[in-house]
Amino acid sequence: MSTALHPYLGFRDNARPAMEFYRSVFGGELTLSTFGEFQASQDPAEQDKIMHGMLVADSGLTLMGADTPNSMSYTPGDNYSVSLSGDDEADLRRFWEGLSAEGAVTMPLGPSPWGDVFGMCTDKFGVSWLVNINTPEPQGG
């Protein structure tokens with residue numbers, strides 16, 4: 001895989017039923033991870049919220065989504081991002097530099113709790129971007 005572009009939807013406390021609904025529409029395999037699984041929030045009310053959901057439909061469509069943390073604003077209609085992910089680190093870092101230039105960095109590109117390199121920014125036109133550089137898993141030990 002080089003680099004893929006996917007819509008990423010934000011929800012407020014209902015990412016699980018929303019992503020299950022999309023699976024019922026598009027079919028495919030749904031993977032859901034909670035904030036608690038990755039110790040990504042100290043707020044006990046967020047432990048069962050979805051930190052990352054990914055639906056890979058049989059047709060090849062991919063849709064991602066997550067619950068918005070309580071500390072972040074949530075406005076229906078503005079609850080989307082575009083996700084760039086893959087293993088071509090040079091390209092993804094170049095995309096990051098271009099997208100974040102003259103924009104606002106929400107989370108600097110750096111190590112994530114799930115082991116990849118991840119960052120969030122809003123470009124100069126107000127579009128929210130998520131960039132994830134896949135880190136190869138260590139070869140057997």
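This briefing covers the sheet, one helix and two loop residues of the structure above. The model is predicted. Its 8 strands build an open sheet with mixed pairing. Helix α1 lies across four of these strands, β1, β2, β3 and β4.

**The sheet**
- The strand order is β2-β3-β4-β1-β5-β8-β7-β6.
- β2 (29-34) and β6 (104-111) are the edge strands, and each pairs on one side only.
- From one strand to the next, the twist averages 20°.
- β2 pairs with β3 (residues 50-56) in the antiparallel sense, over 6 bridges.
- E29 stands opposite V56 in β3.

**Helix α1**
- Helix α1 spans residues 15-26.
- The strands it lies across include β1 (3-11) and β4 (62-67).
- Helix α1 runs at about 0° to β3.

**L61 and the nonpolar patch**
- L61 sits in the loop between β3 and β4.
- The relative accessible area of L61 is 49%, so L61 counts as partly exposed, a class that ends at 50%.
- On the surface, L61 joins F21, V25 and F26 in a nonpolar patch.
- Together these residues have about 390 Å² of accessible area.

**Y74**
- Y74 is in the loop between β4 and β5 (80-86).
- Y74 is partly exposed because its relative accessible area is 25%, and buried would mean under 20%.
- Leaving aside residues up to four places away in sequence, Y74 touches G10, F11, R12, T68 and N79.
- Y74 and A18 are 56 residues apart along the chain, and their C-alpha atoms are separated by 16 Å.

Note on methods. Residues numbered from 1 in each chain as written. Predicted model: local features only at pLDDT ≥ 70, side-chain atom pairs only at ≥ 80, totals over all residues. Heavy atoms only, no water. Pairing = 2+ DSSP bridges. Helix = DSSP H or I, 4+ residues; strand = E, 2+ residues; numbered from the N terminus. Axes fitted to C-alpha atoms, helices over the stretch in contact; angles between N-to-C directions. Contact = heavy atoms within 4.5 Å. Patch = residues over 30% accessible without salt bridge, like charges linked within 9 Å, V, L, I, M, F, W, Y side chains within 5 Å. Areas by Shrake-Rupley, 256 points an atom, 1.4 Å probe, with all protein chains shown as cover. Salt bridge = Lys/Arg side-chain N within 4 Å of Asp/Glu carboxyl O. Buried < 20%, exposed > 50% of the residue type's maximum accessible area, 1.4 Å probe, protein only.
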